[in-house]
Every structure is written in structure tokens, then in C-alpha cells.
Amino acid sequence: PEPLDVESQSTADGLIAEGRHALARLQAACRGIKDTGMKGETRRLAATAERILLDVQADPAKAMSVRRLITFYLPNAASVAEGWRALEGRSLPAPERLEQTRETMVHLNQAFDRFSHELIAPRVQSLELDLKVLNDALKTDLDRLS
């Protein structure tokens, strides 16, 4: 990755710090979730968020492409997980509220997966091109040597 100007690097660093704070909230909420399905969804989302933050840390130029994910979706995912814990603490949580919260976490996971795939898409495309060029060269050379 090319070096960023000071302002862009500062923005990336700020987004990463904000993301880490929200991720810590999400992980803390996850530890207290009793429902195995919701715990699994929350763990998966936290793992994806962590991969995204590491990817942005490794290449800060990607920060702006995931800004909304880090500043909006990740803190709200933490709030959803915290809300789930609160629902579990009630003696009779409303079934429709539980279902709505579970569906929201599933949709958040889908969004995080898409953002994650978008971040690695250029590398995958580059790999595909490299493999094609390499395989074409190997075929040509092997045919020539046969």
C-alpha cells in the first residue's frame, strides 16, 4: 500500500480506534449472551469486524470504503447485542422483540460479510489475473519443452 497523507492517516487511525471501541462493546455483550444461536451470530459478527479493522489497519487507504460500517453499523451492532442481553434478563421477553432482534443481527452479519468481501475483492481479482498469466506461461513453456 502507498503511504497516505497525514490527514488521511489520521482519519484512518480515528476510524480504527472508534471501531475497536465498538468491537470491545460487542465482544463484552457477547460474553453475557445465553442463547446459543444469538451468541453464535454475535461472535461471527465480531470476528468479521475484527478482520475488517485489521485489514484497514494494514491498508489505511481502505478506511473510507468502510467508514459507515465502522461508525454506524458496528456501534449499532453492539447496541443490538446489549439489547439482547437486556431482553434475556427479563422474566417474559416479548417473542416478537426477540425475533426482531435476532433478524437484525442476521442482517448485520450479511452486511459485514459484504463489506469484508468488498475489501478483499481487489486482491482476489489480482490473484486470479496472476494465476491466469502464470498458467498461460507454464503451458506455453511446457508445450515448447515437450
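The following questions and answers concern the helices of a predicted model.

In this model, local features need pLDDT of at least 70 and side-chain atom pairs count only at pLDDT 80 or more, while totals for chains, interfaces and linings use all residues. Residues are numbered from 1 along each chain as its sequence is written, and side-chain values use heavy atoms, with hydrogens and water left out.

Trainee: How far apart are the end C-alpha atoms of helix α2?
Mentor: Helix α2 (a DSSP run of H or I, at least four residues, numbered from the N terminus) has 23 residues, 36-58. The expected span is 1.5 Å times one less than the number of residues, so α2 should span 33 Å, and this agrees with the separation of its end C-alpha atoms, 33 Å.

Trainee: Is L54 buried, partly exposed or exposed?
Mentor: L54 has its place in helix α2, where L53 and D55 are buried. Buried means under 20% relative accessible area and exposed over 50%, with partly exposed in between (1.4 Å probe, protein chains only). Because the relative accessible area of L54 is 46%, L54 is partly exposed.

Trainee: How are α1 and α3 oriented, roughly parallel or roughly antiparallel?
Mentor: The axes of α1 (residues 6-32) and α3 (residues 67-89) come within 9 Å and cross at roughly 15°. Axes are lines fitted to C-alpha atoms over the stretch in contact, with angles from 0 to 180 degrees between N-to-C directions. Angles under 35 degrees count as roughly parallel and over 145 as roughly antiparallel, so α1 and α3 are roughly parallel.

Terms used. Helices (H or I, at least four residues) and strands (E, at least two) are DSSP runs, numbered from the N terminus. Angles under 35 degrees count as roughly parallel, over 145 as roughly antiparallel, 65 to 115 as roughly perpendicular and the rest as oblique.
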